[in-house]
There are 2 protein chains.
Amino acid sequence: KAVGQYDRMAGVGAHEVIIETPDHDATMAELSPDHLATILKVYRERILDLRNDKRLRYILVFKNSGEPAGASIPHSHSQIMATPTTPRTLAVELKSAQDHYQLKERCIFCDILDQEFQAGERLVVVDPFFVTHCPYASRFPFEMHLHPRKHSHDFATTDDDMLYKLALHLKEVLRRMNKALGSPPYNFLIHTAPSVTWKPQRKHYWETLEVDWHWHIEILPRITNVAGFEWGTGFYINPTPPEEAARFLREVEL
Amino acid sequence: KAVGQYDRMAGVGAHEVIIETPDHDATMAELSPDHLATILKVYRERILDLRNDKRLRYILVFKNSGEPAGASIPHSHSQIMATPTTPRTLAVELKSAQDHYQLKERCIFCDILDQEFQAGERLVVVDPFFVTHCPYASRFPFEMHLHPRKHSHDFATTDDDMLYKLALHLKEVLRRMNKALGSPPYNFLIHTAPSVTWKPQRKHYWETLEVDWHWHIEILPRITNVAGFEWGTGFYINPTPPEEAARFLREVEL
């Protein structure tokens, strides 16, 4: 095997579509907690399996629901894309978390959750295991981030019992979103650790993830359009303060 | 005046809407070259005037055309947003151009244009003063970048005669886009130098723009949706190779 064989970005990857239900009209929020837990287990198993291919640096699990969110298939599904490099957006986030840890010796996401529990006003759904809140600097109206309350850098290490608890939590979050916003188009994205933790190939390449990274799910309702200002600046205009969005999501009658 | 008074990001800015024509139904591509040149002069005059406010670091001129491109007003218009910081997207681009210059002692955009003239296959509209091409790594189908062929870092230094030539060029580009894609929603963005060139306030803050930056206009037809993969990675899936897009745009009958 040639030295450096995997150091160049190769034109390889994987793309998988997970069909979530045989029922053409069912949405993820309507599935039973058991069913939803099975989908989460499929995510975990596929991540673990794809990590056996050492050409793949990152495995992104995401969902496009509704045409404005980029879905080309109406039947409820999610997707996995594995890339031969850590994606740019993730790399920036991983590096920021690493920098925070260097400075504070604390996980930035644990710090954010501490602050959010103190403030309270941006919390949406809280249980003993998971918390969903509208981020302080939300890019989109009703943007939500879901974190495990116990520090964990890797979604794929979540056990069956905890995935069932996650299913219960996620179902409540999606039901609140659907009720509050009339079942909007949305994207969700699992931000978990890159695959290299398990197969370190380069020195200093995301070696500290276990302490400084904290997996989470971003849920992005697509009710406004990204326009010229956003493309030109990388800054986002959000007409709905996260405190109002969170209150509305908390108070909606299910 | 306190030292460092302008070093913190302040909650200030400016937002102006330029009504391009009294005719409610006219689109930019249908306006006469003289009329279009007047709009470009308004951009220039407003940029020059806003630069008198030293709190404003960057002045972004852009256009959202059509609801999927984020337009909330159907009447043909463009916008100016001035921000108290150099926008993130621009800062990354400015820094990359600076890095290239440090390495090569050449403007990266002049280098790109040289390569594009050699390759030829991604060129869309060429005249002695301006060139529009579909970038090699286009993020969107039919994405186009328009550059002045003579190195110039600042749109606002363009004289009336050259703005008229730009109007002729831009009109042809927009007409080709409209004919090829059935008048799609689109954004355009003028990427020009930050305001600080004229009022340096900090050492080493974009001091080298005159040599390493080259203003240009990005034209982004919005015919595909940005979905989970793009949000999660910062990578763009573009189903249309720029060579095909450019050929189609060149060959369309006007």
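# Exercises on a predicted two-chain model

Ile219(B) is buried, its relative accessible area being 0%. The model is a predicted one, and the exercises below work through selected residues and then the chains.

## Exercise 1

Task: Describe the surroundings of Ile219(B), starting from its secondary structure.

Solution.
Step 1. Ile219(B) sits in strand β8 of chain B, which covers residues 216-221.
Step 2. The cut-off for buried is under 20% relative accessible area. With 0%, Ile219(B) is therefore buried.
Step 3. Set aside residues up to four places away in sequence; Ile219(B) then touches Phe142(B), Glu143(B), Met144(B), Leu170(B), Val173(B), Met177(B), Tyr186(B), Asn187(B) and Phe188(B).
Step 4. For a distance along the chain against one in space, take Leu189(B): it is 30 residues from Ile219(B), and the two C-alpha atoms are separated by 6.7 Å.

## Exercise 2

Task: Determine where Thr132(A) lies and whether it is buried or exposed.

Solution.
Step 1. Strand β5 of chain A, residues 130-133, contains Thr132(A).
Step 2. The relative accessibility of Thr132(A) is 0%, so this residue counts as buried.
Step 3. Beyond four places in sequence, the residues that Thr132(A) touches include Leu123(A), Val124(A) and Val125(A). Also among them are Met144(A), His145(A) and Leu146(A), as well as His169(A) and Val173(A).

## Exercise 3

Task: Two residues that are not glycine have a positive phi, Phe142(A) and Glu105(B); locate each and classify its exposure.

Solution.
Step 1. Phi is about 65 degrees at Phe142(A) and about 55 degrees at Glu105(B).
Step 2. Phe142(A) belongs to the loop between β5 and β6 (144-148) of chain A. Glu105(B) belongs to the loop between α2 (88-104) and α3 (108-119) of chain B.
Step 3. Phe142(A) has 10% relative accessibility and counts as buried, whereas Glu105(B) has a relative accessible area of 62% and is exposed.

## Exercise 4

Task: Characterise two acidic residues placed in helices, Asp160(A) and Glu210(B).

Solution.
Step 1. Asp160(A) is in helix α4 of chain A, residues 160-181. Glu210(B) is in helix α5 of chain B, residues 209-212.
Step 2. Exposed means over 50% relative accessible area, and values between the buried and exposed cut-offs are partly exposed. Asp160(A), at 39%, is partly exposed, while Glu210(B), at 54%, is exposed.
Step 3. Apart from neighbours within four places in sequence, Asp160(A) contacts Lys41(A) and Arg44(A). With residues up to four places away left out, Glu210(B) touches His151(B) and His153(B).
Step 4. Asp160(A) and Glu67(A) lie 93 residues apart in sequence, with 32 Å between their C-alpha atoms. For Glu210(B) and Ala14(B), 196 residues apart along the chain, the C-alpha separation is 25 Å.

## Exercise 5

Task: Which residues does Trp231(A) touch, and in which helix does Trp231(A) lie?

Solution.
Step 1. Trp231(A) lies in helix α6 of chain A, residues 228-233.
Step 2. Its relative accessible area is 9%, and Trp231(A) is buried.
Step 3. Not counting residues up to four places away in sequence, Trp231(A) touches Val226(A) in chain A. In chain B it touches Thr89(B), Phe140(B), Asn187(B), Leu189(B), Leu220(B), Arg222(B), Val226(B) and Tyr236(B).

## Exercise 6

Task: State how chain B is related to chain A and through which surface the copies meet.

Solution.
Step 1. A turn of 180 degrees, with a shift of 0.0 Å along the axis, lays chain B on chain A with an RMSD of 0.0 Å.
Step 2. This is the relation of a two-fold axis.
Step 3. Of the interface residues of chain B, 100% are also interface residues in chain A, so the copies meet through the same surface.

## Exercise 7

Task: Summarise chain A as a whole, from its secondary structure to its charges.

Solution.
Step 1. Chain A has seven helices and eight strands.
Step 2. Its radius of gyration is 18 Å, close to the 18 Å from the globule rule for 254 residues, so chain A is as compact as a globular protein of that length.
Step 3. The C-alpha trace of chain A spans about 60 × 45 × 45 Å along its principal axes.
Step 4. Of the 254 residues in chain A, 54% are buried. The accessible surface of chain A is about 11,800 Å², and carbon and sulfur atoms hold 51% of that area.
Step 5. Among contacts in chain A with a separation of 6 or more, 74% join residues 24 or more positions apart.
Step 6. Chain A carries 29 positive and 34 negative side chains, and the centres of the two sets are 5 Å apart.

Technical notes: Residues numbered from 1 in each chain as written. Chains lettered and ligands numbered in written order. Predicted model: local features only at pLDDT ≥ 70, side-chain atom pairs only at ≥ 80, totals over all residues. Heavy atoms only, no water. Helix = DSSP H or I, 4+ residues; strand = E, 2+ residues; numbered from the N terminus. Rg over C-alpha atoms; globule rule 2.2 N^0.38 Å. Buried < 20%, exposed > 50% of the residue type's maximum accessible area, 1.4 Å probe, protein only. Contact = heavy atoms within 4.5 Å. Areas by Shrake-Rupley, 256 points an atom, 1.4 Å probe, with all protein chains shown as cover. Lys, Arg positive; Asp, Glu negative; His and termini not counted. Charge placed at Lys NZ, Arg CZ, Asp CG, Glu CD. Least-squares fit on C-alpha atoms with pLDDT ≥ 70 in both.
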